[in-house]
Amino acid sequence: VDVVESGGGLVQPGGSLKLSCVASGGIHSINEMGWYRQAPGKARELVAVIRSGGKPNYADSVKGRFTSSRDNAKNTLYLQMNSLKPEDTGVYYCHVEAVTTLDYEPCDYWGRGTQVTVSS
């Protein structure tokens, strides 16, 4: 399964960005898709996660500013980020828990990440 993120970049504080994540290749079904981020020198942390049939769950630090959504037909996950702060800076990774047509067992897949920099 390939997981590819896009949409990162440099934005000023208070600005917005929209990230996209597309999963492809031998997918039978997707149980969960989520966004994680890692700032320099810090551990990777959960930003938002959506399980199939469920509502998004968000980290407290992004509630009210970030909105995540899924297009199940396209195996695509989005993250709309508004009111960005310098502390939102980091590499944003997409995580997918998918069942493949290879063995019909759930497995975790990660993208390579997309850089988000919030700076004036």
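**A walk through the strands and the core**

Let's start with a pair of strands: β7 and β8 run antiparallel and are joined by six bridges. Keep in mind as you look around that this is a predicted model. If you want a spot to find on this pair, Asp-71 stands opposite Thr-76 in β8.

Now zoom out a little. Strands of a sheet pair through backbone hydrogen bonds, and they can do this either parallel or antiparallel. Here, four strands make up an open sheet, with antiparallel pairing and the order β1-β3-β8-β7. Which strands stand at the edges? They are β1, covering 2–6, and β7, covering 66–71; each has a single partner strand, so one side of each has no neighbour in the sheet. On average, and ignoring direction, neighbouring strands of this sheet are turned by 15 degrees against each other.

Next, pick out one residue in strand β3: Ser-20. Is Ser-20 buried or exposed? Its relative accessibility is 18%, and buried means under 20%, so Ser-20 counts as buried. Who is around it? If you skip the neighbours within four places in sequence, Ser-20 is in contact with Val-4, Glu-5, Ser-6, Trp-35, Leu-77 and Tyr-78.

One of those contacts, Trp-35, leads us to the largest nonpolar core. This core has 27 residues, and the ones with the most contacts inside it are Trp-35, Leu-79, Met-81 and Tyr-92. Several strands chip in: β3 (17–24), β4 (27–38), β5 (45–51), β8 (76–81), β9 (90–100) and β11 (114–118) each supply at least two residues of the core. Take Leu-79 as an example. Not counting residues up to four places away in sequence, Leu-79 touches a whole list of others, including Leu-17, Leu-19, Trp-35, Val-47, Ala-48, Phe-66 and Tyr-92. The list also holds Lys-18, Thr-67 and Ser-68.

Finally, let's leave the strands and visit two loops. Most residues other than glycine have a negative phi. With that in mind, look at Ser-83, which is found in the loop between β8 and β9. The phi of Ser-83 is near 50 degrees, a positive value in a residue other than glycine. Ser-83 has a relative accessible area of 41%, so it is partly exposed. Further along, Tyr-104 sits in the loop between β9 and β10 (106–110). Tyr-104 isn't glycine either, and its phi is positive, near 55 degrees.

Methods: Residues numbered from 1 in each chain as written. Predicted model: local features only at pLDDT ≥ 70, side-chain atom pairs only at ≥ 80, totals over all residues. Heavy atoms only, no water. Core = buried A, V, L, I, M, F, W, Y, C linked by side-chain atoms within 4.5 Å. Buried < 20%, exposed > 50% of the residue type's maximum accessible area, 1.4 Å probe, protein only. Contact = heavy atoms within 4.5 Å. Pairing = 2+ DSSP bridges. Axes fitted to C-alpha atoms, helices over the stretch in contact; angles between N-to-C directions.
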